[in-house]
Amino acid sequence: MPAVQAINGQVSFRSLEGLSAFRSLEELILDNNQLGDDLVLPGLPRLHTLTLNKNRITDLEYLLDHLAEVTPALEYLSLLGNVACPNELVSLEKDEEDYKRYRCFVLYKLPNLKFLDAQKVTRQEREEALVRGAFMKVVKPKVSCLLAILHKGFTSYGSAYTPGHAECPLSV
């Protein structure tokens with residue numbers, strides 16, 4: 001697959017292989033591309049601003065772990081328009097609570113952020129991320145898990161799981 005693709009006359013990136021030559025890069029705007037969960041950034045020690053709006057990123061935890069490793073100076077991050085960023089305006093399945101959990105989890109993984117999705121990080125959000133961030137990973141339960149919940153007679157089920165517990169805690 002080529003690293004760059006033209007769609008309707010617009011250039012769209014799928015790979016960022018050439019960025020390794022720009023270690024002094026401070027701002028990187030990659031909005032409206034085809035970047036997905038296989039996104040690999042080289043070490044960019046000075047990068048403080050990264051926008052990845054409207055791409056194909058679904059695996060939030062992988063992305064955040066990768067960014068923590070390769071962009072230690074990151075202060076501004078925007079992921080709007082990706083499946084990994086729950087947004088009630090884009091998906092009817094998401095609500096404001098999903099977005100709050102997302103922000104808490106992102107700030108837990110990237111505690112030096114000052115802005116997330118064009119919103120300033122508040123002191124209260126930062127404090128909550130320290131205490132509860134590890135437990136705010138938003139995961140969709142598997143169909144088998146939903147069936148187990150219904151079988152057990154539960155009427156509602158939260159979407160926040162402890163990291164490392166991707167399997168359903170209930171069995172049929």
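**A quick look around this model**

Let's begin with one pair of residues: Leu 77 sits opposite Leu 116, which belongs to strand 6. Keep in mind that this is a predicted model. Overall, the protein has nine strands and four helices, and 37% of its 172 residues are buried.

**The overall layout**

- Starting at the N terminus, the elements come in the order β-β-β-β-α-β-α-β-β-α-β-α-β.
- What share of the contacts with a separation of 6 or more links residues 24 or more positions apart? In this protein, that share is 45%.

**The five-stranded sheet**

- Five strands make an open sheet, lined up as 3-4-5-6-7, and their pairing is mixed.
- Strand 3 (27-29) and strand 7 (119-120) are the edge strands, and each has a single partner, so one side of each has no neighbour in the sheet.
- As general background, strands in a sheet pair through backbone hydrogen bonds, in either a parallel or an antiparallel way.
- Strand 5 (residues 76-78) and strand 6 (residues 115-116) go for the parallel option, pairing over two bridges.
- That brings us back to Leu 77 and the residue it faces in strand 6, Leu 116.

**Helix 2, mostly tucked away**

- Helix 2 covers residues 96-109, and at 1.5 Å a residue its 14 residues should span 20 Å; the C-alpha atoms at its ends are 20 Å apart, so the two agree.
- Is helix 2 largely enclosed or largely open? Ten of its 14 residues are buried, so the rest of the structure largely encloses helix 2.
- The buried residues here are Asp 98, Tyr 99, Arg 101, Tyr 102, Arg 103, Cys 104, Phe 105, Val 106, Leu 107 and Lys 109.

**Where helix 2 meets helix 3**

- In general, a pair of packed helices is described by the distance between their axes and the angle between them.
- Here, the axes of helix 2 and helix 3 (residues 123-132) come within 8 Å and cross at roughly 75°.
- Helix 2 and helix 3 are therefore roughly perpendicular to each other.
- On the helix 2 side, Arg 103, Cys 104, Leu 107 and Tyr 108 take part in the meeting; on the helix 3 side, Glu 125, Glu 128, Ala 129 and Arg 132 do.

**A word on cysteines**

- How many disulfides does the structure hold? The count is zero.
- Cys 85 has a relative accessibility of 4%, under the 20% cut-off, so Cys 85 counts as buried.
- Cys 104, one of the helix 2 residues that meet helix 3, is buried too, with a relative accessible area of 6%.

Methods
Residues are numbered from 1 along each chain as its sequence is written. This is a predicted model: local features need pLDDT of at least 70, side-chain atom pairs count only at pLDDT 80 or more; totals for chains, interfaces and linings use all residues. Side-chain values use heavy atoms; hydrogens and water are left out. The expected span of a helix is 1.5 Å times one less than its number of residues. Buried means under 20% relative accessible area, exposed over 50%, partly exposed in between (1.4 Å probe, protein chains only). Two strands pair if DSSP finds at least two bridges between them. A disulfide is a pair of cysteine sulfur atoms within 2.5 Å. Axes are lines fitted to C-alpha atoms, for helices over the stretch in contact, and angles run from 0 to 180 degrees between N-to-C directions. Angles under 35 degrees count as roughly parallel, over 145 as roughly antiparallel, 65 to 115 as roughly perpendicular and the rest as oblique. Contact means heavy atoms within 4.5 Å.
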